[in-house]
Amino acid sequence: MIGLLQRVTQARVEVDGHVRGEIGRGLLVLVGVERGDGEAQAARLLERLLGYRVFPDDTGRMNRSLAELGGGLLLVPQFTLPADTRKGTRPSFTPAAAPAEGERLFAHLVALARAAHAPVSTGVFGAQMQVSLV
């Protein structure tokens, strides 16, 4: 599993003009599922997301994790992350998991996240989403 994370002061996901996920200060994470990924990769990704020390402490050093901060976690499925772009100008999506498996593992990651942390919001697997962040 690939997670592309961005610290945010706020972020949200809209589908068909309706807000489907929204957080204040925390992490926006685009999640790509690769062929061969399983529950272990989802658990490891979540462990890393909650533990990365990317938020400043009282002295301004990047020394606090999302878990310590208690900030929001917005997980957004993004099938293009595993794309193979080594050749030509048209990416190959062969490295990405099949849609059904990608959706299952994304849902598993979300369930793990909700059991371990709050607040957790999500995008919608397979939907045309509009993601905004500050």
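Helices here are DSSP runs of H or I with at least four residues, strands are runs of E with at least two, and both are numbered from the N terminus. Counted in that way, the protein before you has 3 helices and 9 strands. I should state at the outset that this is a predicted model.

Let me begin with the order of the elements. Along the sequence, the pattern reads β-β-β-β-α-β-β-α-β-α-β-β.

I turn next to the overall dimensions. Along the principal axes, the C-alpha atoms occupy a box of roughly 45 × 35 × 30 Å. What radius of gyration would a compact globule of 134 residues have? The expected value is near 14 Å, and the protein has 15 Å, which agrees. Of the 134 residues, 35% are buried. As for contacts between residues with a separation of 6 or more, 68% of them join residues that lie 24 or more positions apart.

A few words on the surface and the charges. The exposed area of the protein is about 7800 Å², and 50% of that area comes from carbon and sulfur atoms. The protein carries 15 positive and 13 negative charges, and the mean positions of these two groups are 5 Å apart.

I would now like to draw your attention to two local features. The first topic is a hairpin. Strand β2, residues 11-15, pairs with strand β3, residues 18-23, in the antiparallel sense, and the pairing extends over 5 bridges. Which residue of β3 is the bridge partner of valine 15? That partner is histidine 18. Between the two strands of the hairpin there are 2 residues.

Within this turn, please look at aspartate 16, which lies in the loop between β2 and β3. Aspartate 16 is not a glycine, and yet its phi is positive, at about 50 degrees. Is the residue buried or exposed? The cut-off for exposed is a relative accessible area over 50%. Aspartate 16 has a relative accessible area of 72%, and is therefore exposed.

The second topic is a peptide bond further along the chain. Where is proline 119 found? Proline 119 sits in the loop that runs between α3, residues 99-116, and β8, residues 120-122. The peptide bond that joins alanine 118 to proline 119 is cis, with an omega of about 0 degrees.

To close, I would ask you to keep two places in view as you inspect the model: the turn of the β2 and β3 hairpin, with the positive phi of aspartate 16, and the cis peptide bond between alanine 118 and proline 119. Thank you.

Methods
Residues numbered from 1 in each chain as written. Predicted model: local features only at pLDDT ≥ 70, side-chain atom pairs only at ≥ 80, totals over all residues. Heavy atoms only, no water. Pairing = 2+ DSSP bridges. Rg over C-alpha atoms; globule rule 2.2 N^0.38 Å. Buried < 20%, exposed > 50% of the residue type's maximum accessible area, 1.4 Å probe, protein only. Contact = heavy atoms within 4.5 Å. Areas by Shrake-Rupley, 256 points an atom, 1.4 Å probe, with all protein chains shown as cover. Lys, Arg positive; Asp, Glu negative; His and termini not counted. Charge placed at Lys NZ, Arg CZ, Asp CG, Glu CD.
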